[in-house]
Amino acid sequence: MNNDVLIIGGGVIGLAIAIELKLRSSNVTVLCRDFSAAATHAAAGMLAPDAENISSEGMQSLCRRSRHLYPDWTRKLEDLTGLNTGYSSCGILAPIYGQGGLGTRDWGQGDKETRGQGDNSFPPSPTPPLSHSSAYWLDKEAIHQYQPGLTDEVVGGWWYPEDGQVDNRALARVLWTAAESLGVELKEGITVEAIEQQQGQVVGVQTNAGLIRAEHYVLAGGAWSNELLPLPVRPKKGQMLSLRVPEFTSELPLKRILYGQDIYIVPRRDTCGTLGDRQIILGATCEDVGFTPHNTPAGIQKLLQSAIRLYPQLQDYPIEELWWGFRPTTPDELPILGTSHCQNLTLATGHHRNGILLAPITATLIADLVCEQKSDSLLSHFNYSRFLAKSSTTTSMLTHFPLPPSPTPPLPPSAILDSPLIIAGKTFQSRLMTGTGKYRSVEEMQQSVIASGCQIVTVAVRRVQTKAPGHENLAEALDWTKIWMLPNTAGCQTAEEAIRVARLGREMAKLLGQEDNNFVKLEVIPDAKYLLPDPIGTLQAAEQLVKEGFAVLPYINADPMLALRLEEVGCATVMPLASPIGSGQGLKTTANIQIIIENAGVPVVVDAGIGSPSEAAQAMEMGADALLINSAIALSPNSSAMAQAMNLAAVAGRLAYLAGRMPIKNYASASSPLQGTITS
Ligand SMILES: Cc1cc2nc3c(=O)[nH]c(=O)nc-3n(C[C@H](O)[C@H](O)[C@H](O)COP(=O)(O)OP(=O)(O)OC[C@H]3O[C@@H](n4cnc5c(N)ncnc54)[C@H](O)[C@@H]3O)c2cc1C
Ligand SMILES: CC(=O)[C@@H](O)[C@H](O)COP(=O)(O)O
């Protein structure tokens, strides 16, 4: 199969897959936001299925199969590039302290740095090895003889001769060079902002350089994968440091990795052949602190204390470098590999603390799947669907659809992983926007906004200025820490007026604490009867406001050419009307909106005229990215119930759009089988 595959993420996983696919004759593109930020560079490079003492059988097999592939895989890469990966089957020694020593294992890291398996921060305690691993117990005398220099507290340990290491930074360079030389298109500095889906297919990825399309897509975004799909992958930060082996030491004092109870010590051979390059790597913390960067004194102190305790002579070695990285971690700490809810999207993420080890097997299994639709039985352990079935509480983890507030029962888990709505780089989970006008009271407006689950509320700057009813205490009326304000230029008849009011709107947002809010819903409406926007004035004002740094969301008639022009001048969305504002006539411009949706590279927000939830759902089923609905909610006799209904309709329409509708047929087709029925 000679297809186009686009890989999101250029860490060890994305690059290994890219090379494997390229070697099987696919045309491959890798999009990578920041090569240097990848956990790949931060790792220790241990290949340790045995020392890691993995409890899941599927994971044990996966890890061992990968370790088995390592010698040939690295040799092939080295042959391709002429570079060294630093692969070595050096073995891992896991020393164990006597009872007296165990008492000092509490590192007191507080909430942020915890330890112990499951919630583990440091490597799990060495315990008797699991079946199928070749492991040898060394008693006190044997271990001290085998590895001189260990602390006296060590009373024995396990020797895992089949485990090893690779120089992960060297490997990353080799993978990049190999991919480049094979003709993989490597695009560094490109951020994928959204995965565009339609009817069970990915139709492109929205990036900071525009829309990019391929036949097949692979998500290998490491700890950041959850920015694009609601997969339960979270960052687990690891701090590390390296010591330089002093030059007077002619031999590396350590020949193998020490895998202690609260530290691992990795002697790194020089991949360049110079003695000056010899390092000892110490790791690692495992912290649940999101993407908080930097090394901390507490983290580094604990690594140093543990390392010196296990192997005291390290205390005199010069410190060379400190760093940190983010492991991509799932709730069960197993990777997510294989098929997704979209037929042409494959998942390869969540490798937690074993991604370097798992790179060759991941590449092989994913390439088998993409190129030959061959699904290895091992993959069944790692499918994303294992997170779907559990309970309704997983819904928020696996879809970006906002749950309606109580008392509506929670939605059942959805098998669809949706991208969030992104406008001008800002991410929103809800695809419904509402307004503040026409409500009978401020209280009704507040309740409706909450019931709608919306995250964007548009506010008419002019009405706030004039303190029109319902707009007197805007600052207090809504929780602006949760709701993003979309100032609109309603009431402006010319481009000049709209530009002036947009600037006031920006100041208004600042007063509400939204310092970085540069959004404006641009309305230039000279006609009061139909409230139809002036296309020329809108384009002129949009051009100017974009130049001034605004994220412009223009309200327009459903005119496909105008929509394109507005996108060309840099608008953040286009907002075609369904029918005149406040008319509740529903979708009167369907055909043109469809053309706009087909051609837009920015989100299409259907705005104005939607009168009922069925119309809202219809617009979303057509592929609108979002809706703006005000009058239908505010003028309903029960506005908060209608707000909730509109939210559900937006969610339902979106799900239906992603899932794909059945074909329309001319004749009936029985739902139950016609064969095999009882005949009289
Ligand atoms: C401290 C530490 C020690 C470790 N030690 C080991 C070890 O000894 N052995 C082992 O096997 N594993 C180890 N690991 C784990 C291993 O590093 C990871 O599992 C592995 O790097 C994951 O690879 P990846 O390619 O999935 O993600 P990454 O290496 O993190 O790469 C992801 C890449 O995707 C890019 N990206 C993300 N989102 C987007 C987007 N939207 N658009 C474009 N690009 C995007 C990022 O910029 C990044 O370059 C360690 C990890 C840490 C942090
Ligand atoms: C509040 C706002 O911006 C409205 O002008 C918008 O266009 C919504 O229209 P409906 O009130 O018809 O939903």
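**Low-confidence stretches.** I began with residues 406-410 of this predicted model, where the pLDDT stays under 50 and where the model has three contacts beyond four places in sequence. I then looked up residues 391-397, over which the pLDDT is also below 50, and I noted 14 contacts in the model for this stretch beyond near neighbours in sequence. For the chain as a whole I wrote down a mean pLDDT of 89, with 88% of the residues at 70 or more. The predictor also gives the complex an ipTM of 0.91 and a pTM of 0.80, which I copied beside the chain values.

**Strand β19.** Next I turned to β19, which runs over residues 345-349, and asked how many of its residues are buried. The count came to five of five, and I entered the strand as mostly covered. In a regular strand the side chains alternate between the two faces of the sheet, so I checked each side separately. On one side I found L345, L347 and T349, on the other T346 and A348, and these residues are all buried, which leaves both faces of β19 covered.

I then asked which strands pair with β19. Strand β12, residues 216-219, pairs with β19 in the parallel sense over three bridges, and within that pairing I noted L219 as the bridge partner of L347. Strand β18, residues 336-339, pairs with β19 in the antiparallel sense over four bridges, and here G338 stands opposite L347. L347 therefore has a bridge partner in L219 and also faces G338, while its own side chain belongs to a buried face of the strand. Following the chain from β18 to β19, I found a hairpin that joins the two strands through five residues.

**G11.** I looked for G11 and found it in the loop between β1 (4-8) and α1 (12-23). Is G11 buried or exposed? Its relative accessible area is 14%, and because the cut-off for buried is under 20%, I entered G11 as buried. Leaving out residues up to four places away in sequence, I noted that G11 touches A38 and T40. I also compared G11 with W176: the two are 165 residues apart in sequence, yet their C-alpha atoms lie 9.3 Å apart in space.

**Cysteines.** How many disulfides does the model hold? The count is zero, and I went through two of the cysteines to see the reason. For C286 the closest cysteine sulfur is that of C63, at 16 Å, which is too far for a bond; C286 is also buried, with a relative accessible area of 3%. For C492 the closest cysteine sulfur is in C571, again at 16 Å and too far for a bond, and C492 counts as buried at 0% relative accessibility.

**K521.** Last, I checked the UniProt record, an unreviewed entry, which lists K521 under "active site". I located K521 in strand β25, residues 519-522, and at 4% relative accessibility I entered K521 as buried. What does K521 touch, leaving aside its neighbours within four places in sequence? I wrote down its contacts as T458, L486, P487, N488, T489, L553, Y555, M575, D607 and L628.

Conventions: Residues are numbered from 1 along each chain as its sequence is written. Chains are lettered from A and ligands numbered from 1 in the order in which they are written. This is a predicted model: local features need pLDDT of at least 70, side-chain atom pairs count only at pLDDT 80 or more; totals for chains, interfaces and linings use all residues. Side-chain values use heavy atoms; hydrogens and water are left out. pLDDT is the predictor's confidence in each residue, from 0 to 100. Contact means heavy atoms within 4.5 Å. Buried means under 20% relative accessible area, exposed over 50%, partly exposed in between (1.4 Å probe, protein chains only). Two strands pair if DSSP finds at least two bridges between them. A disulfide is a pair of cysteine sulfur atoms within 2.5 Å. UniProt positions are given in the numbering used here, feature names are shortened, and annotations may be inferred rather than shown by experiment.
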